[in-house]
Amino acid sequence: MWTVTNTTAWSHPLHLHGFFFLVLDEAGAPVRPLEWKDTVDIPHDRTVRLAVRFDDRPGTWIFHCHILDHADDGLLGAVHLDLPAETFRNLTEH
Ligand SMILES: [Cu+2]
């Protein structure tokens, strides 16, 4: 579960490489229908909750604002997945 709050003065489309997520709610209200996405627009002063479906592909995965000028200005980060594949198999079998 990933909670993202946009505290800037602009809207930003958050884009995650390599994995999909469900947008569960925005500003406390449910988002329906549930859809697998790799990008979600986060308006100014809003919070969204995302359920990310990470799997057994360890490595460094980038997320960034899809407005590339914003990414160039620093709206960019990385998720590091370093659990061995067996750990993921054990988690998903239950
Ligand atoms: Cu942006």
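In this predicted model, strand 3 (residues 21-26) and strand 5 (residues 36-37) pair in the antiparallel sense over two bridges. They belong to a protein chain whose secondary structure comes to two helices and nine strands, and which, read along the sequence, follows the pattern β-β-β-β-β-β-β-β-α-β-α. Of the 94 residues in the protein chain, 27% are buried. The points below take up the pairings of strand 3, an open sheet, the copper site, the largest pocket and one residue of strand 9.

**Pairings of strand 3**

- In the pairing of strand 3 with strand 5, which is antiparallel with two bridges, Phe-21 stands opposite Lys-37 in strand 5.
- Strand 3 also runs antiparallel to strand 7 (residues 47-52), to which five bridges join it, and here Val-23 has Leu-50 of strand 7 opposite.
- With strand 4 (residues 29-30), strand 3 again runs antiparallel, joined by two bridges, and the bridge partner of Glu-26 in strand 4 is Ala-29.
- Strand 3 and strand 4 form a hairpin with two residues between the strands, where Ala-27 takes a positive phi near 50 degrees.

**The open sheet**

- Four strands make up an open sheet in the order 6-2-8-9, with antiparallel pairing; strand 6 (39-42) and strand 9 stand at its edges, each with a single partner strand, so one side of each is left without a neighbour in the sheet.
- From one strand to the next, the twist of this sheet averages 20 degrees.
- Within the sheet, strand 2 and strand 8 run antiparallel and are joined by three bridges, with His-15 standing opposite His-64 in strand 8.

**The copper site**

- The copper ion is coordinated by His-12 through ND1, by Cys-65 through SG and by His-70 through ND1, at 1.9 to 2.0 Å.
- Along the chain, the donors of the copper ion follow the spacing H-x52-C-x4-H.
- Two of these donor residues, Cys-65 and His-70, fall on either side of the 20% cut-off under which a residue is called buried: Cys-65 counts as buried because its relative accessibility is 4%, whereas His-70, at 21%, counts as partly exposed.

**The largest pocket**

- The largest pocket has a volume of about 250 Å³, and of the 15 residues that line it, the closest to its centre are Val-4, His-12, Leu-14, Ile-42 and Leu-75.
- The elements that give two or more residues to this lining are strand 1 (2-5), strand 2 (12-16), strand 8 (59-65) and strand 9 (76-81).
- By class, the lining of the largest pocket holds eight nonpolar and seven polar residues, with no charged residues.
- His-12 appears both among the lining residues closest to the centre of the pocket and among the residues that coordinate the copper ion.

**Val-79 in strand 9**

- Val-79 has its place in strand 9, which is an edge strand of the open sheet.
- Although strand 9 has a single partner strand, Val-79 is buried, because its relative accessible area is 15% and buried means under 20%.
- Val-79 and His-17 are 62 residues apart in sequence, while their C-alpha atoms are 9.6 Å apart in space.

Conventions:
Residues numbered from 1 in each chain as written. Predicted model: local features only at pLDDT ≥ 70, side-chain atom pairs only at ≥ 80, totals over all residues. Heavy atoms only, no water. 1 Å grid on protein atoms, 1.4 Å probe; cavity = no way out; pocket = protein on both sides within 12 Å on 5 of 7 lines; lining within 4 Å. Points joined across faces, edges and corners; volume = space filled by probe spheres on them. Nonpolar A, V, L, I, M, F, W, Y, C, P; charged D, E, K, R; others polar. Donors = N, O, S within 2.8 Å, 3.2 Å for Na, K, Ca; no water. Buried < 20%, exposed > 50% of the residue type's maximum accessible area, 1.4 Å probe, protein only. Pairing = 2+ DSSP bridges. Axes fitted to C-alpha atoms, helices over the stretch in contact; angles between N-to-C directions.
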